[in-house]
Amino acid sequence: MCPTFSIIIPHYDIPDLLMRCLKSIPVSEDIQVIVVDDNSPNADTYLERYPELSRPYLEFIRTTKGGGAGYARNVGLDHAKGKWLLFADSDDFFCEHAFEVIKEYEESDADVIFFKIKRAQLQ
């Protein structure tokens with residue numbers, strides 16, 4: 001079964017924020033998560049240090065090029081299998097009911113759907 005959604009997340013050297021982002025995404029066979037690490041200095045230790053990267057339906061891809069976020073997104077596109085593509089930066093996170101809202105558009109005929117960002121209140 002192909003997932004409905006593929007979420008592509010470029011990453012460089014902020015694993016704690018990446019973990020916050022991943023924890024905000026439900027684990028579901030309907031949601032493929034693709035993290036493309038763009039040659040972070042300690043990425044070879046991430047899989048042992050961050051169990052969240054080994055969760056089901058997540059692909060962790062390392063590049064050796066260091067080509068920037070756009071390059072990492074393009075690498076992620078090569079692995080995407082979903083009907084819909086979502087892009088998130090590794091320091092982003094999804095609000096509590098985001099995927100309930102996103103799923104409302106699952107059968108849309110639109111080519112692109114935009115959502116406004118909600119700025120987090122820092123305490």
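Strands are here DSSP runs of at least two residues, numbered from the N terminus. In the predicted model examined here, Leu 85 falls within one of these elements, strand S4. Leu 85 is classed as partly exposed because its relative accessible area is 40%, a value between the 20% limit for buried residues and the 50% limit for exposed ones. Together with Leu 77 and Phe 87, Leu 85 makes a nonpolar surface patch of about 260 Å².

The interior was examined next. In soluble globular proteins, nonpolar side chains tend to be buried together. The largest nonpolar core of the model comprises 24 residues. Within this core, Ile 9, Leu 22, Ile 25 and Leu 53 have the most contacts. Two or more residues are supplied by each of strand S1 (5–11), H1, S2, strand S3 (58–62), strand S4 (84–87) and H4. Helix H1 makes the greatest contribution, four residues. A second core, separate from the largest one, consists of six residues, among them Ile 8, Ile 34, Ala 72 and Val 75. When residues up to four places away in sequence are not counted, Leu 22 touches Ile 9, Val 33, Val 35, Leu 53 and Leu 58, as well as Glu 52 and Arg 55.

Glu 52 and Arg 55 are themselves joined by a salt bridge, in which the closest N and O atoms are 3.0 Å apart. Arg 55 is buried, because its relative accessibility of 10% is under the 20% cut-off. In total, five salt bridges were counted in the model. Another of them pairs the side chains of Asp 30 and Lys 103, with an N to O distance of 2.8 Å. This pair links distant parts of the chain, since Asp 30 occupies the loop between helix H1 (15–23) and S2, whereas Lys 103 belongs to helix H4 (residues 98–103), and the two are 73 residues apart. The partners also differ in accessibility class: Asp 30 is buried at 10% relative accessibility, while Lys 103, at 35%, is partly exposed. The side chain of Lys 103 meets that of Glu 106 in a further salt bridge, at 3.9 Å from N to O. Asp 30, Lys 103 and Glu 106 are thereby linked in a network of salt bridges.

Strand S2 (residues 31–37) contains Gln 32. With a relative accessible area of 5%, Gln 32 is buried. The side chain of this residue reaches the backbone oxygen of His 79 at 3.0 Å. Apart from neighbours within four places in sequence, Gln 32 is in contact with Pro 3, Phe 5, Ser 6 and Ile 7, with Tyr 57 and Glu 59, and with His 79, Ala 80, Lys 81 and Gly 82.

Pro 15 is located in helix H1 and is likewise buried, at 11% relative accessibility. Leaving aside neighbours within four places in sequence, Pro 15 is in contact with two tyrosines, Tyr 46 and Tyr 50. Between the C-alpha atoms of Pro 15 and Leu 86, which lie 71 residues apart along the chain, the separation is 20 Å.

Definitions and conventions:
Residues numbered from 1 in each chain as written. Predicted model: local features only at pLDDT ≥ 70, side-chain atom pairs only at ≥ 80, totals over all residues. Heavy atoms only, no water. Buried < 20%, exposed > 50% of the residue type's maximum accessible area, 1.4 Å probe, protein only. Polar contact = N/O pair within 3.5 Å; in protein donor to acceptor, adjacent residues only side chain to side chain. Contact = heavy atoms within 4.5 Å. Salt bridge = Lys/Arg side-chain N within 4 Å of Asp/Glu carboxyl O. Core = buried A, V, L, I, M, F, W, Y, C linked by side-chain atoms within 4.5 Å. Patch = residues over 30% accessible without salt bridge, like charges linked within 9 Å, V, L, I, M, F, W, Y side chains within 5 Å. Areas by Shrake-Rupley, 256 points an atom, 1.4 Å probe, with all protein chains shown as cover.
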